[in-house]
Amino acid sequence: MAWEEIDVPAGQFIGWGTKEGQHVTGIVVDYDPTGATDFGGQPCPYLEVELTERAASFNKEGDRTDYDAGEIVQLSCGQVQLKKKIRKAEPKAGDKIKITLSELVKTQNGTVKGFSVQIDRSGGATQDDDEPPF
């Protein structure tokens with residue numbers, strides 16, 4: 001018997017900054033509609049993406065980390081608008097996705113982040129993929 005070690009890249013979580021235009025573009029590796037936790041401790045979508053374009057992440061202090069195409073990143077989709085859009089999109093492994101921080105709206109409770117979500121399902125799985133082709 002020959003054991004084979006399985007290595008899975010850990011990936012890094014994306015933190016959204018404070019400038020419109022920040023984006024995560026790539027191929028969906030994994031999606032779970034309740035796999036992460038939002039700011040109130042409630043379940044929210046979890047998304048794992050293999051980048052096809054360079055992306056940036058920001059921590060609470062505003063420090064930037066850059067990720068190159070080919071790297072795997074993770075997103076906890078806890079912001080209200082992002083949560084709704086990702087759940088509606090229901091991405092599947094293989095789908096191409098682009099999530100863009102599209103607007104920042106100041107409210108009395110702080111700044112609300114608005115997102116644009118685009119999806120290309122031409123490479124992803126379909127509902128019928130488990131059924132025989134005839």
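The following paragraphs describe the fold, the nonpolar core and the largest pocket of a predicted model.

The chain comprises 134 residues, of which 34% count as buried, and its secondary structure consists of 1 helix and 8 strands. Read from the N terminus, these elements follow one another in the order β-β-β-β-β-β-α-β-β. Of the contacts between residues at least 6 apart in sequence, 60% join residues that are at least 24 apart.

An open sheet is formed by 6 strands in the order β1-β6-β3-β2-β7-β8, and the pairing within this sheet is mixed. Its edges are β1 (12-13) and β8 (110-120), each of which pairs on one side only. The helix α1 packs on the sheet, where α1 touches β2, β3, β7 and β8, and the direction of α1 makes about 15° with that of β8.

Within the sheet, β2 and β3 pair in the antiparallel sense over 8 bridges, and in this pairing aspartate 30 stands opposite glutamate 48 of β3. These two strands form a hairpin with 5 residues between them, and in the turn glycine 41 has a positive phi of about 85°. Strand β2 also runs antiparallel to β7, to which it is joined by 5 bridges, with threonine 25 standing opposite lysine 98 in β7. Between β7 and β8, which likewise run antiparallel, there are 11 bridges, and here leucine 104 stands opposite lysine 113 in β8. A hairpin is formed by β7 and β8 as well, with 2 residues between them.

The largest nonpolar core contains 19 residues, among which Trp16, Val24, Leu47, Val73, Leu75, Ile86 and Ile99 touch the most other members. At least two residues of this core are supplied by each of β2 (23-37), β3 (43-51), β6 (72-76), α1 (80-89) and β7 (96-107). Such an arrangement may be read against a general tendency: in soluble globular proteins, nonpolar side chains tend to be buried together.

Two members of the core may be considered in turn. Valine 24, when its neighbours within four places in sequence are left aside, is in contact with Ile14, Trp16, Val49, Leu51, Val73, Leu75, Ile97, Lys98 and Ile99. Tryptophan 16, by contrast, is placed in the loop between β1 and β2; because its relative accessible area is 9%, tryptophan 16 counts as buried, the cut-off being under 20%. Apart from residues up to four places away in sequence, tryptophan 16 touches Gln22, His23, Val24, Phe58, Leu75, Gln79, Leu82, Ile99, Leu101, Lys113 and Phe115. With regard to one of these partners, leucine 75, the C-alpha atoms of the two residues are separated by 9.6 Å, although tryptophan 16 and leucine 75 lie 59 residues apart along the chain.

The largest pocket encloses about 690 Å³ of space. It is lined by 24 residues, and those closest to its centre are Gly15, Trp16, Phe39, Gln79 and Lys113. The elements that contribute two or more residues to this lining are α1 and β8. Tryptophan 16 is thus named both among the core residues that touch the most other members and among the lining residues closest to the centre of the largest pocket. Lys113, which also lies among those closest to the centre of the pocket, is the residue of β8 that stands opposite leucine 104, and lysine 113 is in addition one of the residues touched by tryptophan 16.

How values were computed: Residues numbered from 1 in each chain as written. Predicted model: local features only at pLDDT ≥ 70, side-chain atom pairs only at ≥ 80, totals over all residues. Heavy atoms only, no water. Core = buried A, V, L, I, M, F, W, Y, C linked by side-chain atoms within 4.5 Å. Buried < 20%, exposed > 50% of the residue type's maximum accessible area, 1.4 Å probe, protein only. Helix = DSSP H or I, 4+ residues; strand = E, 2+ residues; numbered from the N terminus. Contact = heavy atoms within 4.5 Å. Pairing = 2+ DSSP bridges. Axes fitted to C-alpha atoms, helices over the stretch in contact; angles between N-to-C directions. 1 Å grid on protein atoms, 1.4 Å probe; cavity = no way out; pocket = protein on both sides within 12 Å on 5 of 7 lines; lining within 4 Å. Points joined across faces, edges and corners; volume = space filled by probe spheres on them.
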